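Thank you all for making the time this morning. I would like to take you through one structure, beginning with a single residue and then widening the view to helices, rings and the chain as a whole.

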Amino acid sequence: MDMDKVYNSKEVEKKWNRYWVENKTFSAKIDKNKKPFTIVIPPANVTGSLHMGHALNVILQDIIIRLKKMQGYNTLWVPGIDHGGIATQNVVEKFLKKEGITRHDLGREKFLEKMWQWRNETGSAILDQLKMIGCGLDWCRVSFTMDESCSKSVKKAFIQLFEKGFIYKGKRLVNWCPRCLTALSDIEVEYENEKSNLWHIKYPLIDSGSYIIVATTRPETMLGDTAVAVNPDDKRYMHLVGKTLKLPLVNREIKIVSDYIVDKTFGTGVIKVTPAHDITDNEIAKRNNLEIIEIIGINGKMINVPAKYLELSVEEARKEVGKDLEEAGFLAKIEDYVHSVGKCYRCSTKVEYLMSEQWFLNVREMSKKAIDAANDAKTVFYPQSWKRPYILWLENLRDWCISRQIWWGHRIPIYYCVDDKDSRKNCKPIASFDKPKECQYCKGKNFMQDGDVLDTWFSSALWPIGVFGWGENENSQDLKYFYPTSVLVTGHEIIYLWVARMVQFGLEFMKNVPYKDIFIHGIVRDKYGKKMSKSLGNVVDPCDIIEKYGTDALRFALAQSAAPGRDMQVSEESFLVARNFANKIWNASRFILMNLENIDKVDEDIKPAELADEWIITEFESTIAKVKTVYDSYNIDVAAREIYDFFWTKYCDWYIEVSKIRIASSDINVKRQALTILVYVLKGTLQLLSPVMPFITSEIWQILNKDEKIIVESVFPKTKASQFLESLEKMKTVQDIIVKIRTLKNEMNISSAVQIGALFNILDELDENKEKTVKENERYIKQLAKIASIQFGKNIERPKNSILVVADGFEIFLHLKGLVDIEKEKSRLLKEIVIAEQEIERTVVKLNNENFVKKAPKVEIEKIQTRLNNANVKIEKINKSLKFLE
């Protein structure tokens with residue numbers, strides 16, 4: 001049972017990673033005798049590499065899978081990669097740009113060859129990183145959102161939705177990225193507050209000599225105005241509704257219309273209406289039958305405008321229009337203004353609203369079913385606070401723009417007949433898995449496929465059924481057994497992009513939700529609560545943490561902070577604490593194994609022989625119950641902290657220390673008795689901790705159990721009613737005395753190793769049972785508080801050269817003779833108070849200096865505040881010590 005003196009995380013991790021993969025530990029097959037527990041991984045982007053948020057997500061999933069496997073479920077965790085659409089195409093286009101060519105130079109077919117080449121060469125890097133952190137995935141089932149099986153699912157879903165009339169093509173206002181040259185769905189647009197201006201523009205009334213003032217953040221779009229609008233209840237403008245204005249710089253006549261959507265409090269209460277480039281304006285135009293004039297092209301340049309503005313970028317046109325308005329006397333004023341600006345979620349380019357012919361999916365019916373599923377608890381959020389915003393989003397969801405003007409992705413399975421040009425208008429688009437052989441309308445033989453691809457999230461929405469071959473066989477045995485999956489673990493940022501879409505498609509195609517539980521975790525932030533980003537220089541790379549502290553340290557640090565739905569803060573200290581915990585586990589286990597060397601075997605029956613045995617068994621049983629409860633409700637952070645507290649504080653700091661008395665015994669039976677319970681509790685704790693820290697627990701478990709199953713295949717500890725509840729109160733009495741003696745010795749600067757004598761004066765109010773408990777277990781006090789001798793008595797007077805501590809019905813006098821000169825110690829402590837008071841005075845002066853506080857770096861101010869706090873704490877401690885000396 002040899003264990004290395006120091007835990008070598010690198011060697012242990014390499015060993016167990018290889019073992020789990022080679023032995024297919026997490027591969028799953030249909031077993032009708034077992035209940036399945038399934039997770040489909042949120043597929044990482046093919047361009048991705050492991051970052052801290054991704055590490056958190058997969059670690060939480062792995063904890064759940066390992067736990068459920070130990071609880072007897074037939075677990076399956078499906079790995080996979082997402083093709084990434086726009087993001088992946090952008091990466092490859094950048095490589096081409098360095099070679100001086102574009103995708104258009106290559107043509108679609110050759111470009112896609114380059115894409116597949118890049119995917120095959122680099123696209124699996126993220127999977128290797130998942131293996132590195134110990135993910136218990138079924139590596140025989142790796143899926144890719146553009147592999148043959150998933151592609152069949154995408155085509156099948158599209159065709160079914162098209163044939164039901166849910167998918168249609170139309171020209172509508174869409175979010176458009178001028179950089180990626182593609183439409184985006186509403187949830188692919190990210191909003192940021194930006195400093196800008198509010199331009200107040202005079203719009204002259206015809207035949208009146210007066211004007212109306214319109215406030216706008218986009219003066220360049222006025223070139224496409226076809227009306228201005230006021231609220232019908234706004235008394236300032238009611239009399240002007242129906243009047244005609246002359247549009248500045250363009251001289252086009254436009255009407256004043258009324259609409260309740262106009263906010264009377266924004267600007268002047270009058271808004272310009274540019275139907276081709278604003279969603280609100282577009283709705284107003286529909287209700288008022290207004291003309292739609294497009295003035296921004298797909299490349300973000302101006303079109304259909306006076307010659308001087310043609311081909312200017314939006315920003316350039318804004319400057320020119322602002323300047324011309326001012327020169328012509330149409331500009332009333334400009335104000336500073338902060339507003340929300342939409343940007344492409346992939347390249348951060350400002351998004352424009354453009355009129356564009358696209359494919360749309362009508363989601364009303366699917367949204368209603370998803371809402372009903374949430375209200376009927378068929379899908380349950382952890383935490384529940386996410387249910388309401390999820391439902392609100394579904395209630396207000398517009399039709400989904402599902403087409404994208406890129407080449408990398410699932411090409412839309414729509415074919416157009418190109419024969420019989422004269423009758424082509426009668427040949428409707430045909431949805432088909434493959435190119436049709438004959439046009440059902442004109443009997444033509446030649447077809448052209450739609451050039452657009454589907455939104456990446458369309459294929460992602462089919463992920464829970466696509467990975468089980470739904471596209472090839474909707475009655476497949478895998479699909480019947482493993483679907484619906486058990487839980488989805490994800491961050492809140494993709495609840496709308498992905499979570500809701502999967503529920504919609506699951507109910508549409510399988511008549512069942514894709515998962516019941518939705519476990520939402522927060523974002524990993526730095527120690528100051530800031531989001532990690534390269535620009536801030538605060539990114540913590542999980543691979544660097546693994547190299548420095550070990551994988552189990554990374555896993556534990558993230559798990560113990562992962563409260564459902566809440567963002568977490570991590571720092572170097574978080575991982576250091578976790579690494580120290582791993583070392584503690586190793587050292588405690590090694591101590592026990594070293595003492596087992598002369599023991600042929602420990603007892604099979606767990607029979608407590610004394611108070612500490614009963615206490616640790618009771619605490620262990622309580623920990624099992626708590627950990628199981630919080631694990632099952634996805635409070636993994638609480639589980640990790642409970643195990644940490646039990647193992648470090650109760651098992652190591654108390655029980656192992658108390659057990660050393662018996663381990664040192666010359667009686668082999670006494671020694672075996674102590675080691676039996678030490679091993680029993682150690683094994684159980686390793687099992688509780690195994691889902692969180694699988695490497696170190698697997699290694700120690702195998703050393704302890706050479707011929708048994710590996711830990712992840714063992715049975716998770718079961719809860720049982722405790723027989724020794726009274727031991728908790730008894731042990732607490734003894735611990736209270738030990739802690740108070742230790743604290744007093746520390747306050748008096750007496751080494752914890754120094755043995756001193758103690759008198760226990762029994763007070764009248766002391767309960768007889770407590771007195772009995774202390775007397776029966778005085779050897780614990782001697783061992784842990786380093787007390788040479790204990791005398792019990794009543795009405796004992798305090799001896800000279802002693803200090804007093806009161807604990808649970810006892811006055812305890814500790815002999816100081818020869819250890820501390822009380823008068824000298826008092827004098828020394830009083831001098832220390834003076835020094836601390838001087839420090840307080842200096843720091844308070846600095847912190848009260850407004851000029852200093854304004855100019856000093858934040859770090860410097862924090863240092864001074866720390867000095868002030870430390871000085872106050874020091875005085876508090878010294879006063880306690882002086883009290884002891886009275």
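Let me start with phenylalanine 458, which is found in helix α12, the helix that covers residues 456-461. Please keep in mind throughout that what you see is a predicted model. Phenylalanine 458 has a relative accessible area of 0%, and therefore counts as buried. What is phenylalanine 458 in contact with, once its neighbours within four places in sequence are left aside? The list consists of Val154, Ala157, Phe158, Leu161, Trp400, Ile402 and Phe505. With the last of these, phenylalanine 505, the separation in sequence is 47 residues, while the C-alpha to C-alpha distance in space is 9.3 Å.

A second residue makes a useful companion to that one, namely glutamate 839, which has its place in helix α26, spanning residues 822-847. Is glutamate 839 buried or exposed? Its relative accessibility is 16%, and because the cut-off for buried is under 20%, glutamate 839 counts as buried. Leaving aside neighbours within four places in sequence, glutamate 839 is in contact with Arg867 and Ala871.

Let me turn now to helix pairs, and to α16 and α17 in particular. The axes of α16, residues 542-549, and α17, residues 551-559, come within 7 Å of each other and cross at roughly 120 degrees. That crossing makes α16 oblique to α17. On the α16 side the contact is made by Pro542, Ile545, Ile546 and Tyr549, and on the α17 side by Thr551, Ala553 and Leu554. By character, the residues of this contact of α16 with α17 divide into six nonpolar, one polar and no charged.

Staying with α17 for a moment, nine of its nine residues are buried, so this helix is largely enclosed by the rest of the structure. Among these buried residues of α17 are Asp552, Arg555 and Phe556.

The other pair I would like to show is α19, residues 611-632, with α21, residues 668-689, whose axes come within 11 Å and cross at roughly 10 degrees. Angles under 35 degrees count as roughly parallel, and α19 and α21 are therefore roughly parallel to each other. The contact draws on Asp613, Ile616, Ile617, Phe620, Thr623, Ile624, Val627 and Tyr631 of α19, and on Ile677, Tyr680, Val681, Gly684, Thr685 and Leu688 of α21. How do the residues of the contact of α19 with α21 divide? There are 10 nonpolar, three polar and one charged.

Now to the aromatic rings. A search of the whole structure finds 39 aromatic pairs. One aromatic cluster is formed by Phe556, Phe581, Tyr644, Phe647, Trp648, Tyr651 and Tyr655, and you will recognise Phe556 as one of the buried residues of α17. There are also charged ends that sit over rings: that of lysine 156 sits over the ring of tryptophan 470, 4.4 Å from its centre, and that of arginine 172 over the ring of phenylalanine 360, 4.3 Å from its centre.

Finally, let me step back to the chain as a whole, which has 28 helices and 30 strands. Its C-alpha trace spans about 110 × 70 × 55 Å along the principal axes, and of its 886 residues, 53% count as buried. If we take the contacts between residues at least 6 apart in sequence, 78% join residues at least 24 apart.

Technical notes
Residues numbered from 1 in each chain as written. Predicted model: local features only at pLDDT ≥ 70, side-chain atom pairs only at ≥ 80, totals over all residues. Heavy atoms only, no water. Axes fitted to C-alpha atoms, helices over the stretch in contact; angles between N-to-C directions. Helix = DSSP H or I, 4+ residues; strand = E, 2+ residues; numbered from the N terminus. Parallel < 35°, antiparallel > 145°, perpendicular 65-115°, else oblique. Contact = heavy atoms within 4.5 Å. Nonpolar A, V, L, I, M, F, W, Y, C, P; charged D, E, K, R; others polar. Phe/Tyr/Trp six-rings, centres within 6.5 Å; stacked < 30°, edge-to-face > 60°. Lys NZ or Arg CZ within 6 Å of the ring centre and 35° of its normal. Buried < 20%, exposed > 50% of the residue type's maximum accessible area, 1.4 Å probe, protein only.
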